[in-house]
Amino acid sequence: MGAPPRALFVDTSQHALAGPREAPSAEAWGAAPYPVLVADPQGGVVGLNPAAAELLPAAAVGTRLADVAPAWIAGAHERLTPGRPTPDDATGPAAHGCLGDRVFQGRPTRTDDGNVAWWLVDDTDRRKAEVSLDEERRRTAFLAAASSALLASLNLERCMEVTASLAAEHLADAAVVVAPARGGRIPVTHCGTDGRIVHRLVDAEPTGVPGLGEALRGFPPVPSRWIDPAGIPAWLVPEDLPGVGSAVVTPLPGHGVPAGALILLRTEDRRAFSESEEIFARLFAARAGAAMSAARMYAEQAAITTTLMRDLLPPTLRAVHGVEYAGAYRPSAESDRVGGDFYDVHPGADADRETMVALGDVCGKGLEAAVLTGKIRNTLQALLPLAGDHQRLLDLLNGALINSHHTRFATLLLASVRRVERTVHLRVTSGGHPPPLVVRADGRVERVETRGSLVGVFWNITSTTAHVELAPGETCLMFTDGVTEARGGPLGDEMFGHDRVEEALAHCAGMPAEAVVDHVRMLAEQWAGRGRHDDMALVAVTAPRHAHLSAVDGHTRGRYTA
Amino acid sequence: MTVHHATRPDLDTVRDRLWTAVRAGDEYQAGATVLDAVGSGLDAETVLLDVIGAVQLRVGTEWAANRLTVAEEHAATAIHERVVAALAHHPEHRGPAPTRARVTVACVDGEWHALPARLLAEVLRRRGWQVDFLGAQVPTPHLIAHLHQTGSRVVALSATLSPHLPTAHAAITACQAVGVPVVAGGAAFGPDGRHARALGADAWAAHAREAAEVLDRGLTRPDLPAVRQTVDDLPHLTDQEYTMVVGTRRELLKETLVGLEDRFPPMRAYSDRQRQRTAEDIGHILDHLAAALYVADEDLFRDFIAWTADVLTARDVPARSLDPALELLAQRLQDFPRATRILASARETLATHSPEPRKPGDGQHV
């Protein structure tokens with residue numbers, strides 16, 4: 001071991017500064033490596049060692065502590081309880097303060113004659129280390145909290161809001177987050193000194209602000225930049241900020257694309273940003289940029305999905321030409337919105353023409369099956385002019401499916417519907433699909449006698465078309481096998497089955513189409529409970545029980561005619 | 001422009017007219033009643049809550065009293081849905097364009113009672129909020145995806161039946177984890193909202209008007225670093241009683257059915273349909289027992305048993321027929337102290353319960 005560092009002489013980690021019971025003699029402290037200053041209870045200096053003389057050049061025996069020593073020592077000395085030392089009260093509390101550019105700890109020790117010896121220990125390095133450790137802990141905690149706050153949302157506006165408010169609270173007086181322009185306008189999020197968030201879309205030219213244009217373009221790469229507070233345009237300053245003293249523009253780096261820029265603002269009465277604050281701001285900006293970039297990508301993907309999905313979702317049905325239609329759809333898995341079941345209602349050009357209803361089931365589940373339902377629905381729509389002949393329509397659809405690269409097949413129900421007087425006439429054809437059920441006004445339930453081959457497998461397909469007439473209050477219910485094959489029930493493993501569908505339907509005489517669909521769907525869903533089920537689709541075609549001229553479909557003017 | 005007539009229709013009269021129309025399954029008459037009421041000066045919120053909401057409540061009580069079939073109840077609900085939609089799209093009564101923040105109204109997954117949430121959505125929309133109504137049975141992943149995509153400020157989450165409480169808990173935690181506060185409503189959360197508090201919801205509202213007031217006051221965003229695990233809210237779950245009952249539901253149900261047949265030989269002659277009804281009843285008992293274990297609330301289960309007793313009595317089934325099932329479950333679950341306590345307290349309730357028809361939920365939380 002070499003020469004021990006000074007700190008080892010006194011264990012400065014001890015807070016209870018137990019001084020020696022026997023106060024050291026002048027000889028003992030005279031040679032001590034620490035500056036030692038002895039003062040009487042009245043504050044007069046009565047002794048000092050050479051180290052103390054070097055540190056406090058004005059101090060000499062006979063001077064007053066208040067004149068020659070810093071106020072923090074003189075003050076601490078005054079606060080010490082005067083009197084002789086007791087075993088419990090050998091010292092007073094340590095005091096801290098600056099001497100020149102160093103930080104010292106002063107430790108009082110009472111001597112036998114009632115004076116106090118102040119041992120001055122240079123504490124500068126430890127203090128610095130403690131301060132930077134605290135600072136580092138604070139920053140680490142802040143970055144961890146910031147990360148979890150930023151990662152929580154995939155909503156861009158929300159991420160900008162979190163970024164601005166964290167920055168305003170922890171890094172500056174106010175903060176502004178600027179995102180790359182959207183449709184010619186720049187999204188800007190302000191957080192002022194009061195923590196209030198304001199979102200705005202601004203028509204402005206970012207190139208006027210040094211560093212901002214580059215940060216938003218992501219090129220050329222720029223470090224954070226000081227900008228002249230006088231040159232900041234008004235749209236970058238929160239309304240409640242009294243005046244800008246200093247400002248820094250920090251780029252928010254995204255995943256390969258610029259996520260925007262963070263502008264930190266401080267008021268005039270606060271000091272400017274230090275270098276370490278600027279570095280820290282960059283660490284924060286890296287996290288905020290990554291979160292904003294992820295949110296942006298998610299929003300773009302979600303927008304694409306929504307657009308593509310729009311045509312795959314089942315349509316909202318309503319009354320057409322005096323006939324009620326209602327549909328319900330539930331995909332198999334909670335993560336799916338679309339699946340292999342589908343339905344459509346194509347209204348006739350006028351009340352004298354037939355309206356065509358199609359309900360079908362593509363083999364398979366999820367998105368892939370949904371894509372094929374989209375093709376079938378488009379093909380059916382194109383074939384509508386041929387709807388007068390269901391068999392021919394199915395033939396053409398069958399050919400189109402066999403010739404496509406899909407290996408899947410489908411089952412299908414077609415119904416052409418027309419109301420004459422108060423009776424609704426249906427021509428119903430099955431393409432390999434379970435036949436629809438009809439509930440009569442008296443509650444009897446009948447199966448519609450139609451049969452046919454499934455579509456997309458065989459070159460030659462056959463089918464029989466059934467004619468059905470619905471009197472007022474009667475309903476024809478079409479559904480997919482997801483309803484009958486829903487597994488569940490009280491014991492958890494039983495199929496819902498045709499009988500239960502028929503039983504449910506028997507209670508639906510005279511009910512509006514929507515109520516019929518809801519009733520059967522609710523019973524099937526309750527049956528399935530949390531159990532797995534295939535896609536479910538139902539369509540009800542109902543002859544209105546009450547003679548009204550217009551329907552409550554939410555689209556007409558809603559006049560009710562009694 | 002709204003024309004206020006000198007004579008506003010009396011609320012009771014409007015309710016009676018709507019009830020008659022709904023009872024007859026006459027959607028058009030129901031719609032006409034509501035539009036007439038609004039047209040003659042009743043404000044839309046009153047019509048939504050104090051007419052449609054009130055009649056829907058009556059639908060529930062009439063069903064409980066066996067004066068309405070399940071199909072008729074569903075039909076009445078469907079008619080109400082359509083009438084609410086017609087009012088919302090009516091050019092003269094559709095309400096203001098949104099001027100306030102975006103809020104999302106949704107039913108917890110599995111909850112098909114959508115009308116209370118629908119009425120709330122309409123009330124909020126008419127008070128100027130931009131409302132996204134996601135409907136019944138919203139899977140939590142869909143709800144969260146919606147929050148990401150829209151940046152909605154608040155979620156109003158509705159649950160009517162107690163067995164949905166664990167799912168509601170997952171939904172509440174998930175919303176808060178993405179920084180969106182939740183106001184919970186619906187009969188499932190208890191008459192005083194105690195389950196909403198237990199599940200850590202940011203607020204609870206007894207009815208739609210109160211929910212609107214909660215939104216007016218504003219909700220603070222959940223503290224993100226403080227986002228919790230399930231057991232942080234409900235430390236009693238570490239005893240695994242809830243997990244056990246849910247995990248062995250099917251076995252418990254079968255054993256109880258077999259046990260009942262042993263005790264009550266005529267049951268062996270039951271038709272499949274009767275057997276299925278019995279199994280359904282035991283299923284409901286188990287689901288409510290699980291919910292009571294989840295939120296550690298004996299009253300939840302006791303209230304359910306009292307209500308079931310009323311429903312059975314209204315159908316000429318003696319309420320005491322519930323007791324053997326409870327006794328069998330108590331024997332089977334005797335090693336589980338909380339379940340044992342809950343079952344014992346319910347049996348006590350059953351022994352002293354005098355029938356009084358009512359039905360929890362069904363429209364009254366709005």
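Chain B of this predicted model comes out with an average pLDDT of 89, and 93% of its residues score at least 70. The weak spots have their own character: residues 1-6 of chain B sit below 50 and have three contacts beyond near neighbours in sequence, while residues 357-366 of chain B also stay under 50 but have 49 contacts beyond four places in sequence. Where pLDDT is low, the coordinates shouldn't be read in detail. For the model as a whole, ipTM is 0.81 and pTM is 0.81.

Here is how chain B is divided up:

| Domain of chain B | Residues |
|---|---|
| domain 1 | 6-95 |
| domain 2 | 97-233 |
| domain 3 | 237-352 |

Now for how domains 2 and 3 of chain B meet. Their centres, taken over C-alpha atoms, are 30 Å apart, and eight residues of domain 2 touch 10 residues of domain 3. On the domain 2 side, helices H7 (165-177), H8 (194-198) and H10 (230-233) of chain B each chip in at least two residues. That side has five nonpolar residues and three polar ones, with no charged residues.

Further along chain B there's a helix pair to look at. H15 (residues 322-332) packs against H16 (residues 337-352) of chain B at about 160 degrees, their axes 10 Å apart. Angles over 145 degrees count as roughly antiparallel, so that's what H15(B) and H16(B) are. Their crossing is left-handed. From H15(B), the residues involved include B:Leu322, B:Leu326 and B:Leu329, and the H16(B) side includes B:Leu343, B:Ala346 and B:Leu350. Overall, the contact of H15(B) with H16(B) has eight nonpolar, one polar and three charged residues; B:Asp323, B:Glu327 and B:Arg347 are among the residues that meet there.

Conventions: Residues are numbered from 1 along each chain as its sequence is written. Chains are lettered from A and ligands numbered from 1 in the order in which they are written. This is a predicted model: local features need pLDDT of at least 70, side-chain atom pairs count only at pLDDT 80 or more; totals for chains, interfaces and linings use all residues. pLDDT is the predictor's confidence in each residue, from 0 to 100. Two residues are in contact if their C-beta atoms, placed from the backbone, lie within 7 Å. Domain bounds come from an automatic or database domain assignment. Helices (H or I, at least four residues) and strands (E, at least two) are DSSP runs, numbered from the N terminus. Ala, Val, Leu, Ile, Met, Phe, Trp, Tyr, Cys and Pro count as nonpolar, Asp, Glu, Lys and Arg as charged, and the others, Gly among them, as polar. Axes are lines fitted to C-alpha atoms, for helices over the stretch in contact, and angles run from 0 to 180 degrees between N-to-C directions. Angles under 35 degrees count as roughly parallel, over 145 as roughly antiparallel, 65 to 115 as roughly perpendicular and the rest as oblique. A crossing is left-handed if the near helix is turned anticlockwise from the far one by less than a right angle, and right-handed if clockwise.
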